[in-house]
Amino acid sequence: MMQTRTIYVTLALVGAALSTAATPALAAPSAAPAATAPSPACPTGWGSLAKSATAGTATTTPVRDVRTGRHDCYDRMVVDLPGTGGGSAGAVGYTVRYVDRLYQDGSGTRIPVTGGAVLEVRVAAPSYDPETGEPAYPARAGQPLPGVNPAGYRTFRDTRFAASFEGDTQIGLGVRARLPFRVLQLQDRLVIDVAHSWTGAR
């Protein structure tokens, strides 16, 4: 009798142990995802009115290249003017403004530029060597800028070389719409940034 009771107790303990082992462990609570810092807003306040540096002087140092690049908040055009210095004092004169149509200096010929708006970029520097007349920048009037392809840009749509006339270089920049822009004079280059939007959103 005692032996039978011992067997029953043993079986009950084994069953309880098996039941406990079969119960799945509760999963540990997952850690909350780390909060990501919001992206900083893009700069605003540039406006779309004409910008110029009349204090800057004309230079005989020619334009050597024009290139573009994409950034988070704007598309950028850079006019390379090696040897001019640049900086906040404004070593080279320029005018950048929106125009209804682009007309070539000298001839007055209209140069079509694709886009919702057209920025005319004038730099007081030739695109040729003043001593020899040889081109320093291999662009042709009415044609896209050499080596520049605006495909995939958020703001830029087209680029056209207009002329290099009486020491000034004239370029047409087609953009998506009449958007805010700024002009910077940096070391040996002039920079034109055109914003992706008016709101400062990326």
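W46 and Y74 are both buried. These residues belong to a predicted model. Their rings form one of the aromatic pairs, of which a search of the whole structure finds four. The ring centres of W46 and Y74 lie 5.9 Å apart, and the planes meet at 55°, so the pair counts as tilted. The contact links distant parts of the chain. W46 sits in the loop between α1 and β1, whereas Y74 belongs to strand β3. The two residues are 28 residues apart.

A further aromatic pair is formed by Y98 and F181. Its geometry is edge-to-face, with 5.6 Å from centre to centre and 80° between the planes. This pair, too, links distant parts of the chain. Y98 lies in strand β4, and F181 lies in strand β8, which spans residues 181–186. The separation is 83 residues. Y98 has a relative accessible area of 9% and is therefore buried. F181 is buried as well, because its relative accessibility is 0%. The ring of F181 also has a charged neighbour: K51 lies over its face, at 3.9 Å from the ring centre.

A charge is placed over a ring elsewhere too. The charged end of R70 sits over the ring of Y153. The distance to the ring centre is 5.2 Å.

The loop that holds W46 also holds C42, between α1 (2–22) and β1. C42 is joined to C73 by a disulfide, with 2.1 Å from S to S. The count for the model comes to one disulfide. Such a link is a covalent bond between the sulfur atoms of two cysteines. The torsion about the S-S bond of C42 and C73 is about -80°, so this disulfide is left-handed. C73 lies in the loop between β2 and β3. The bond links distant parts of the chain, with the two cysteines 31 residues apart. Both partners fall under the 20% limit for burial. C42 counts as buried because its relative accessibility is 8%. C73 counts as buried because its value is 10%.

The strands on either side of C73 pair with each other. Strand β2 covers residues 65–70 and strand β3 covers residues 74–80. The two run antiparallel and are joined by six bridges. A hairpin of three residues connects β2 to β3. Within this pairing, G69 stands opposite R76 in β3. Y74, the partner of W46, is in strand β3.

Five other strands make up an open sheet. Their order is β1-β4-β5-β7-β6, and the pairing is antiparallel. Strands β1 (51–53) and β6 (156–165) are the edge strands, each pairing on one side only. Neighbouring strands of this sheet are turned against each other by 15° on average, direction ignored. Strands of a sheet pair through backbone hydrogen bonds, either parallel or antiparallel.

Inside this sheet, strand β4 (residues 94–99) pairs with strand β5 (residues 117–123). The sense is antiparallel, over six bridges. Y94 stands opposite V123 in β5. Strand β4 also carries Y98, the residue whose ring is edge-to-face with that of F181.

Notes: Residues numbered from 1 in each chain as written. Predicted model: local features only at pLDDT ≥ 70, side-chain atom pairs only at ≥ 80, totals over all residues. Heavy atoms only, no water. Pairing = 2+ DSSP bridges. Helix = DSSP H or I, 4+ residues; strand = E, 2+ residues; numbered from the N terminus. Axes fitted to C-alpha atoms, helices over the stretch in contact; angles between N-to-C directions. Disulfide = S-S within 2.5 Å. Buried < 20%, exposed > 50% of the residue type's maximum accessible area, 1.4 Å probe, protein only. Phe/Tyr/Trp six-rings, centres within 6.5 Å; stacked < 30°, edge-to-face > 60°. Lys NZ or Arg CZ within 6 Å of the ring centre and 35° of its normal.
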